[in-house]
Amino acid sequence: MQGIEVLYWALSTVFCLALFFAILIWCRNWRREEQENNIHQIQLLAKEVRRLAETIETLDHTSASLQTADEQLARHLDMLHNTVRDLKRFSVPLTPTTTSVPLSPSPTKPESEPLFSEDTEDRYTQARALLRAGHDPVEVARQLDLGTAEVRMIARLLASPDTHT
């Protein structure tokens, strides 16, 4: 009988050890799965951080373009106000005895610069050519010293099917 009891205890011990090792293997696999999920989540978060950084950079470029556009609009508005003031100063009321008098610019005031110079138009032409060649709008803006918003608008115009340029 003693042999049966020893066999019983030996089988019980082997069974307990097998159960213990099975639980260890299961825990190890569970931790590995959890670690892989964590790594996957970190990769997704890193991708989102990169996307957010790109979005912030785009917003910075847009902000700079809007500031430039605002400065240009303010300068052109001042020029327009000055022109209107000069026109009011030189305007001559018409009476029945007076014919129209041509207005001449003030001899002391230099001519105002045109809104678009040939250089600006040439840069826009170059921007269209570079965009058609597949260059990035931000790089085109940097290369030609144009606003990012301007270059993106040109890109949208080139992409629209109803443009005939």
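This is a short talk on the helices, the core and the side-chain pairs of one predicted model.

Some ground rules before we start. Residues are numbered from 1 along each chain as its sequence is written, and side-chain values use heavy atoms, with hydrogens and water left out. Because the model is predicted, local features need pLDDT of at least 70 and side-chain atom pairs count only at pLDDT 80 or more, while totals for chains, interfaces and linings use all residues.

Let me begin with helix 1, which runs over residues 2-90. Helices here are DSSP runs of H or I with at least four residues, numbered from the N terminus. How far apart are the end C-alpha atoms of helix 1? They are 130 Å apart. The expected span is 1.5 Å times one less than the number of residues. For the 89 residues of helix 1 that comes to 132 Å, so the two values agree.

Which residues of helix 1 are buried? They are H61, S65 and D86. Buried means under 20% relative accessible area, exposed means over 50%, and partly exposed lies in between, with a 1.4 Å probe and protein chains only. The buried residues of helix 1 pack against helix 3 and helix 4. Contact, for this purpose, means heavy atoms within 4.5 Å.

Next, the core. A nonpolar core is a set of buried Ala, Val, Leu, Ile, Met, Phe, Trp, Tyr and Cys residues joined through side-chain atoms within 4.5 Å. The largest one in this model has ten residues: Y124, A127, L130, L131, V140, A141, L144, L146, V151 and I154. At least two residues of this core come from each of helix 2 (118-132), helix 3 (137-144) and helix 4 (148-159). Helix 2 gives the most, with four residues. If you want one residue to look at, take A127. Leaving aside residues up to four places away in sequence, A127 touches V140, L144, L146 and I154.

Staying with helix 3, its buried residues are P137, V138, V140, A141 and L144. These lie on the same side of helix 3, because they cover an arc of only 165 degrees around the axis. The arc is taken from the directions that lead from the helix axis to the C-beta atoms. Right after helix 3 comes D145, whose phi is positive, near 60 degrees.

Now the aromatic pairs. Rings of Phe, Tyr and Trp (its six-membered ring) pair if their centres lie within 6.5 Å; planes under 30 degrees apart are stacked, over 60 edge-to-face, and the rest tilted. Searching the whole structure gives three such pairs. One of them is F20 with F21, an edge-to-face pair at 5.8 Å centre to centre and 65 degrees between the planes. F20 is partly exposed at 46% relative accessibility, and F21 is partly exposed at 47%. Another pair, W26 with W30, is stacked, with 6.3 Å between centres and 5 degrees between the planes. W26 and W30 are four residues apart in helix 1, so about one helical turn separates them. W26 is exposed at 57%, whereas W30 is partly exposed at 47%.

Last, charge pairs. Side chains of opposite charge can pair when their charged atoms come close. A salt bridge is a side-chain nitrogen of Lys or Arg within 4 Å of a carboxyl oxygen of Asp or Glu. By this rule the model has four salt bridges.

Inside helix 1, R51 and E48 form one, at 2.9 Å from N to O. These two residues are three apart, about one turn of the helix. R51 is partly exposed at 44%, and so is E48 at 35%.

Also in helix 1, R89 and D86 meet at 3.0 Å, N to O. They too are three residues apart, and therefore about one helical turn separates them. Is each partner buried or exposed? R89 is exposed at 53%, while D86 counts as buried at 13%.

Between helices, E57 and R142 meet at 3.5 Å, N to O. This pair links distant parts of the chain, with E57 in helix 1 and R142 in helix 3, 85 residues apart. E57 is partly exposed at 42%, and R142 is partly exposed at 47%. Salt bridges that share partners join E57, E139 and R142 into one network.
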